[in-house]
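Could we go through this structure together, with a few questions and answers?

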Amino acid sequence: MTGRVLIVMSGADRVPLTNGKFYETGFWLSELAEPLKHFYDAQIDVDFTSPGGKKPSIDPNSLKMISPGKRDELMKLIKPIEQLWAPVPLSDWQLPMLDKHAAIFIPGGHAPMVDLRDNPDLRRILPHFHENNKPTIAICHGPVAFLSAVEPDGNWIYKGYHMTCYSDLEEQIGEHMGQVPGPLPYYVADELRKRGAIVKNRLLSFIPNVVRDREVLTGQDPFAADRLGK
């Protein structure tokens with residue numbers, strides 16, 4: 001693999017819930033840092049981008065649900081990355097500029113549900129990777145960005161693809177346990193199925209689940225982050 005990886009970050013820091021409350025969110029630390037480590041180990045360069053160039057936030061739960069040693073290791077990796085905290089606006093990436101990118105990667109956390117689900121820039125960017133058979137990689141809630149890739153005739157470019165993402169059951173457990181303080185506006189897996197994806201989730205989420213179909217490579221949740229990166 002040569003070239004660069006375009007990493008699409010969400011700029012959202014909270015998700016509105018159906019009960020009027022908000023869930024504080026951002027990107028999930030390990031879902032960015034674990035694959036990023038493998039990119040760096042393979043000497044692959046990356047570019048960071050977000051809608052409007054907005055600075056991404058770290059989901060606070062992703063800092064709690066990890067051992068202190070692992071958290072410190074991953075934070076040490078991402079903290080010095082200047083472009084991560086000041087991303088290039090997504091609208092700046094015009095199609096000729098994407099020729100240098102060998103792949104696109106969308107990390108998870110609930111944040112992409114807010115500003116990547118129906119994004120006009122992704123509507124033109126994702127088809128470039130699809131049509132050129134370049135790896136299109138996403139994890140957890142990241143695959144919600146695929147929903148943006150609708151052609152003018154209403155056709156979804158990933159219809160019939162096998163993929164995985166954070167499962168409905170995992171969302172329901174988070175709501176029931178109070179991690180998310182109310183019902184989410186929608187579930188990513190459910191929306192992907194409605195559009196025509198074949199979602200392949202494992203019941204036991206702690207078993208790494210990575211699904212590849214043609215150029216699309218997806219991971220179910222944080223437990224899949226290292227395997228996805230490899």
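What follows is a short exchange between a student and a tutor.

This is a predicted model, in which local features need pLDDT of at least 70, side-chain atom pairs count only at pLDDT 80 or more, and totals for chains, interfaces and linings use all residues. Residues are numbered from 1 along each chain as its sequence is written, and side-chain values use heavy atoms, with hydrogens and water left out.

Student: How many disulfides does a search of the whole structure find?

Tutor: A disulfide is a pair of cysteine sulfur atoms within 2.5 Å. The sulfur of Cys165 is too far for a bond, because the closest cysteine sulfur, in Cys140, is 8.1 Å away. The search of the whole structure gives a total of 0.

Student: Is Cys165 buried or exposed?

Tutor: Buried means under 20% relative accessible area, exposed over 50%, and partly exposed in between (1.4 Å probe, protein chains only). Cys165 has 0% relative accessibility, so the label is buried.

Student: Which residues of helix 3 are buried?

Tutor: Helices (H or I, at least four residues) are DSSP runs, numbered from the N terminus, and helix 3 spans residues 68-78. Its buried residues sit on the same side, because they cover an arc of only 100° around the axis, taking the directions from the helix axis to the C-beta atoms. They are Leu74, Met75 and Ile78.

Student: Where is Phe223, and is this residue buried or partly exposed?

Tutor: Phe223 lies in the loop between strand 11 (216-219) and helix 9 (225-229), where strands (E, at least two residues) are also DSSP runs. Its relative accessibility is 46%, so Phe223 counts as partly exposed.
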